[in-house]
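Grab a pencil and work through these short exercises with the structure open beside you. Try each task before you read its solution.

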Amino acid sequence: MVSTLKLTKIQIPNSDSDVISLDASTGNVTLNKTLGGTSITVQGEGTATTITIGSTPVVSASANSMTIRGEGSAQTSIQQGLCKAWTSVNSNGTFSTHDSFNQSSATDNGTGDHTTTYTTSFSSAKGSPCLGHTSNVINTTTGISGNTRGGTLISQHLGLTQATGSYTFQVYYGATASSDGNFTDLDAVWVARLGDLA
């Protein structure tokens, strides 16, 4: 049994072509192109950390930042492009969470009035929320069908400002020619939030 293997390159049989090479001074490991393939270089500690395919850097990283090659030569920030929190709740009947990410709790404040509280807060209250809902198949009078009733809406709580550690939202339906709109509970309400975490 060999406990230590010291080498700088691995070559394919019957050839001088390197399959894997190691630069001990930089820590770079290069998977070289063979049989028409493309080389991949992973740079080691002490240099700008990148993964390169051919001559194109596809992933690069520095402190608190990682980018990936997008369309053309554009670089996209992986951290800022991720959805940092989301939830799917059922408020029709017994309030519950279908599924979630970065949510410590969900609270039913009343009809059509709910709060999702984050496990890890955002660094700013001005994050970008994305909201949606299903039509209510149980109580169709508050659904979005029919041409005499305004559609069902979901928005940030009308009386509150955004917070870093939670998001409170309301669900309500529009008026008809003979009745006012009102808050409502639905089978599925979806809230996601983009932005930087604290």
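## Rings in the core

At 1% relative accessibility, Phe169 is buried, since buried means under 20%. Keep in mind that this is a predicted model.

**Exercise 1.** Work out how the rings of Tyr167 and Phe169 are arranged.

*Solution.* Start with burial: Tyr167 has 2% relative accessibility, so it counts as buried. Next, look at the ring centres, which are 6.4 Å apart; the limit for a pair is 6.5 Å. Finally, the planes make an angle of 20°, so the pair is stacked.

**Exercise 2.** Now do the rings of Tyr118 and Phe122.

*Solution.* Both residues are buried. Their ring centres are 5.1 Å apart and the planes meet at 70°, so this pair is edge-to-face. There's a neighbour to spot too: Arg193 lies over the face of Phe122, 4.5 Å from the ring centre.

**Exercise 3.** Find which strand gives the largest share of the largest nonpolar core.

*Solution.* First, the members: the core has 11 residues, including Tyr118, Phe122, Tyr167, Phe169 and Val191. Then check the strands: strand 9 (83–90), strand 15 (166–173) and strand 17 (189–194) each supply at least two residues. Strand 15 gives the largest share, with three.

**Exercise 4.** Decide whether Asn102 is buried or exposed, and find a polar partner for its side chain.

*Solution.* Locate Asn102 in the loop between strand 10 (96–101) and strand 11 (103–110). Its relative accessible area is 13%, so Asn102 is buried. A polar atom of the Asn102 side chain lies 3.1 Å from the backbone oxygen of Lys84.

Notes
Residues are numbered from 1 along each chain as its sequence is written. This is a predicted model: local features need pLDDT of at least 70, side-chain atom pairs count only at pLDDT 80 or more; totals for chains, interfaces and linings use all residues. Side-chain values use heavy atoms; hydrogens and water are left out. Helices (H or I, at least four residues) and strands (E, at least two) are DSSP runs, numbered from the N terminus. Buried means under 20% relative accessible area, exposed over 50%, partly exposed in between (1.4 Å probe, protein chains only). A polar contact is a pair of N or O atoms within 3.5 Å; within protein, one must be able to donate a hydrogen and the other to accept it, and residues adjacent in sequence count only if both atoms are side-chain atoms. A nonpolar core is a set of buried Ala, Val, Leu, Ile, Met, Phe, Trp, Tyr and Cys residues joined through side-chain atoms within 4.5 Å. Rings of Phe, Tyr and Trp (its six-membered ring) pair if their centres lie within 6.5 Å; planes under 30 degrees apart count as stacked, over 60 as edge-to-face and the rest as tilted. A charge sits over a ring if NZ of Lys or CZ of Arg is within 6 Å of the ring centre and within 35 degrees of the ring normal.
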